[in-house]
Each structure stands twice: as structure tokens, then as C-alpha cells.
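Reader: Hey, I've got a structure to look at and I'm not sure where to begin. Can you walk me through it?
Author: Sure, let's bring it up and go piece by piece.
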Amino acid sequence: MIKNYMEYLVEDFLSTIWDNNKLNMCTCEKCKDDVMSLALNNLKPHYVSSSEGELFTKVESLKQQTITDVVSSVTNAIEIVKKNQRHNC
Ligand SMILES: [Zn+2]
């Protein structure tokens with residue numbers, strides 16, 4: 001089973017900020033998917049083949065730089081989606 005574990009990081013970080021009114025943007029699933037795909041396109045994929053349990057152990061030991069990259073990529077993606085909302089909510 002091959003996974004890009006940047007997906008887990010982005011999704012995990014996004015879930016901590018998504019239901020926060022401070023984002024001041026539409027928080028529907030469409031906009032969330034837009035943010036996720038934009039953020040992931042800006043991050044170098046990191047593919048791993050392992051079971052989910054192992055995956056999360058690896059995520060725990062990720063370098064701080066990777067976390068910083070995820071946070072800044074998601075933050076940029078949010079700004080882009082906010083300005084280019086593709087639908088009427
Ligand atoms: Zn939306």
C-alpha cells in the first residue's frame with residue numbers, strides 16, 4: 001500500500017484550523033478540497049509503503065522543517081481559495 005504521507009500532514013493540520021471562524025472563509029467540503037489540492041501541489045510528495053500504524057509513527061518523527069513547509073503551504077492555499085472562490089455558498 002503506497003501513500004503520500006504529506007496528505008496526512010496537510011489533512012491533519014487543516015482539520016485543526018478548518019472549523020475555526022477566524023479563517024473568515026467558506027468552509028464547505030469543496031473549498032476544503034481546493035485548499036488541500038493546492039497545498040499538496042506545492043509540497044514535495046513523500047511516498048511511503050507501509051501500514052497505517054507505521055505511517056503515523058513516522059509522521060511523529062518528522063523534521064520540524066517539513067511541518068513548517070506544510071503550515072506555510074496550507075496558509076498560502078487558504079489565501080488563494082479565499083480570493084478565488086469557485087462557487088456560491
Ligand atoms: Zn465553499
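Author: One word to settle before we start: a residue is called buried when its relative accessible area is under 20%. Also, keep in mind that this is a predicted model.
Reader: Okay, so is Y5 buried or exposed?
Author: Y5 is buried, because its relative accessibility is 5%. You'll find Y5 in helix α1.
Reader: How far is Y5 from Y47?
Author: Their C-alpha atoms are separated by 6.2 Å, even though Y5 and Y47 sit 42 residues apart along the chain.
Reader: What about N4, where does that one lie?
Author: N4 is part of strand β1, which covers residues 2-4. N4 counts as buried because its relative accessibility is 11%.
Reader: And what does the side chain of N4 reach?
Author: The backbone nitrogen of H46, at 3.0 Å. Setting aside neighbours within four places in sequence, N4 is in contact with L40, P45, H46 and Y47.
Reader: Switching topic: what coordinates the zinc ion?
Author: Three SG atoms, from C26, C28 and C31, plus NE2 of H87, at 2.1 to 2.3 Å. The angles among the four donor atoms run from 86 to 139 degrees, and the site is irregular.
Reader: Why irregular?
Author: Because a tetrahedral site needs all angles between 85 and 135 degrees, and here they go up to 139 degrees.
Reader: How are the donor residues spaced in sequence?
Author: The pattern is C-x1-C-x2-C-x55-H. C28 is in the loop between α1 and α2 while H87 is in the segment after α4, so this pair ties together parts that are 59 residues apart in sequence.
Reader: Are C28 and H87 buried or partly exposed?
Author: One of each: C28 is partly exposed at 25% relative accessibility, whereas H87 is buried at 17%.
Reader: Now the core. How many residues are in the largest nonpolar one?
Author: It has 24 residues, and V10, L14, M25, V35, V74 and I78 have the most contacts inside it. Helices α1, α2 and α4 each give two or more residues to this core, with the largest share, seven residues, coming from α1.
Reader: Which residues is V74 in contact with?
Author: Leaving out neighbours within four places in sequence, V74 is in contact with V10, F13, L14, I17, V35 and A39.
Reader: Last one: which element has the lowest mean pLDDT?
Author: Helix α3, residues 52-60, with a mean of 60, while α2 has the highest at 95. The chain averages 85, and 84% of the residues score at least 70.

How values were computed:
Residues are numbered from 1 along each chain as its sequence is written. This is a predicted model: local features need pLDDT of at least 70, side-chain atom pairs count only at pLDDT 80 or more; totals for chains, interfaces and linings use all residues. Side-chain values use heavy atoms; hydrogens and water are left out. A nonpolar core is a set of buried Ala, Val, Leu, Ile, Met, Phe, Trp, Tyr and Cys residues joined through side-chain atoms within 4.5 Å. Buried means under 20% relative accessible area, exposed over 50%, partly exposed in between (1.4 Å probe, protein chains only). Helices (H or I, at least four residues) and strands (E, at least two) are DSSP runs, numbered from the N terminus. Contact means heavy atoms within 4.5 Å. A polar contact is a pair of N or O atoms within 3.5 Å; within protein, one must be able to donate a hydrogen and the other to accept it, and residues adjacent in sequence count only if both atoms are side-chain atoms. pLDDT is the predictor's confidence in each residue, from 0 to 100. Donors are N, O and S atoms within 2.8 Å of the metal (3.2 Å for Na, K and Ca); water is not among the atoms, so sites may look incomplete. Four donors count as tetrahedral if all angles lie between 85 and 135 degrees; four count as square planar and six as octahedral if opposite donors are over 155 degrees apart and all others between 65 and 115; anything else is irregular.
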